[in-house]
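The exercises below ask you to work through one structure, beginning with charged side chains and going on to cores, helix packing and loops. Please keep the sequence and the model open while you read each solution.

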Amino acid sequence: MGMSVTISEASDTDAEQILKLQYLCYQSEAELYGDYSIEPLTQTLDSLKAELAAGSVLVARLGTEVVASVRGTVDTAATARIGKLIVHPRMQRHGLGGRLLEAIERRLAEGGVAKRFELFSGHRSESNLQLYRKHGYAPVSTQRVDDRLTVVTLSKDAQAEAYVASA
């Protein structure tokens with residue numbers, strides 16, 4: 001490709017690119033579960049901009065194109081909730097999802113803010129579950145949503161010493 005991917009904090013000007021990428025990336029999830037009304041496919045631009053303002057949103061860029069993104073927030077119990085980790089289909093299987101996951105973990109753990117990380121995936125999304133397990137996440141609960149979907153929640157403890165060097 002000739003260019004390297006850079007990871008940085010997203011800004012309001014990235015919102016439209018993130019939303020379009022999200023729509024593209026969640027098509028396969030919608031197909032897998034037979035449900036095209038899932039929230040990532042119906043989210044509005046205003047709702048995404050509110051998420052940008054309320055939490056930490058990182059993007060990976062190839063040149064000026066947003067090719068991946070992830071979001072996270074930390075609650076009052078010091079649990080970081082990570083969500084909507086998306087990677088452009090043409091960029092998948094090259095380690096970018098793992099790099100982005102590690103970057104959001106570092107960001108949310110800065111200053112010891114996050115003590116635990118939590119994320120979730122659908123039970124049929126094996127490549128997502130495999131990525132999360134590879135990065136130390138373990139299933140902690142499942143919730144059956146309907147006949148098509150069971151949500152698997154995974155978590156791991158934040159290891160403060162692992163995030164100090166990258167502040």
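**Exercise 1. Classify the two partners of a salt bridge, and place them in the fold.**

At 25% relative accessibility, glutamate 51 counts as partly exposed, where buried means under 20% relative accessible area, exposed over 50% and partly exposed in between, with a 1.4 Å probe and protein chains only. This is a predicted model, in which local features need pLDDT of at least 70 and side-chain atom pairs count only at pLDDT 80 or more, while totals for chains, interfaces and linings use all residues. Residues are numbered from 1 along each chain as its sequence is written, and side-chain values use heavy atoms, with hydrogens and water left out.

The next step is the partner: arginine 71 has a relative accessibility of 6% and therefore counts as buried. The side chains of glutamate 51 and arginine 71 meet in a salt bridge of 2.5 Å, N to O, the term standing for a side-chain nitrogen of Lys or Arg within 4 Å of a carboxyl oxygen of Asp or Glu. This pair links distant parts of the chain, since glutamate 51 lies in helix H4 (residues 45-54) and arginine 71 in strand E3 (residues 65-74), 20 residues apart. Helices (H or I, at least four residues) and strands (E, at least two) are DSSP runs, numbered from the N terminus.

**Exercise 2. Find which residues are linked with this pair in a network of salt bridges.**

Begin with glutamate 39 and lysine 84, whose side chains meet in a salt bridge of 2.8 Å, N to O. Here too the pair links distant parts of the chain, with glutamate 39 in helix H3 (residues 39-42) and lysine 84 in strand E4 (residues 79-87), 45 residues apart. Glutamate 39 counts as partly exposed at 38% relative accessibility, whereas lysine 84 is buried, with a relative accessible area of 15%. Taken together, Glu39, Glu51, Arg71 and Lys84 are linked in a network of salt bridges. A search of the whole structure finds 14 salt bridges.

**Exercise 3. Describe the salt bridge between lysine 20 and glutamate 16.**

The two side chains meet at 3.4 Å, N to O. Both residues lie in helix H1 (residues 15-25), four residues apart, which is about one turn of the helix. Lysine 20 counts as exposed at 57% relative accessibility, and glutamate 16 as partly exposed at 47%.

**Exercise 4. Which members of the largest nonpolar core touch the most other members?**

A nonpolar core is a set of buried Ala, Val, Leu, Ile, Met, Phe, Trp, Tyr and Cys residues joined through side-chain atoms within 4.5 Å. Of the 28 residues in the largest one, Ile82, Leu96, Leu101, Phe117 and Tyr137 touch the most other members. Several elements each supply at least two residues of this core, including strand E2 (56-62), helix H6 (126-134) and strand E7 (150-157). Helix H5 gives the most, with seven residues.

As a closer look at one member, isoleucine 82 is in contact, leaving aside its neighbours within four places in sequence, with residues including Val70, Leu101, Phe117 and Tyr137; contact means heavy atoms within 4.5 Å. Apart from the largest core lies another, of 16 residues, among them Ala10, Ile38, Val57 and Ile86.

**Exercise 5. Identify the residues through which H1 and H4 make contact.**

On the side of H1 the contact is made by Ala15, Glu16, Ile18 and Leu19, and on the side of H4 by Leu45, Leu48, Lys49 and Leu52.

**Exercise 6. Is serine 125 buried or exposed?**

Serine 125 has its place in the loop between E5 and H6. With a relative accessible area of 2%, serine 125 is buried. Leaving aside its neighbours within four places in sequence, serine 125 is in contact with Glu29, Leu32 and Tyr33.

**Exercise 7. Compare the loop settings of alanine 78 and arginine 93.**

Alanine 78, found in the loop between E3 and E4, has a positive phi of about 65 degrees although it is not a glycine. Arginine 93, found in the loop between E4 and H5, has a positive phi of about 70 degrees and is likewise not a glycine. Alanine 78 counts as buried at 14% relative accessibility, whereas arginine 93 counts as exposed at 71%.
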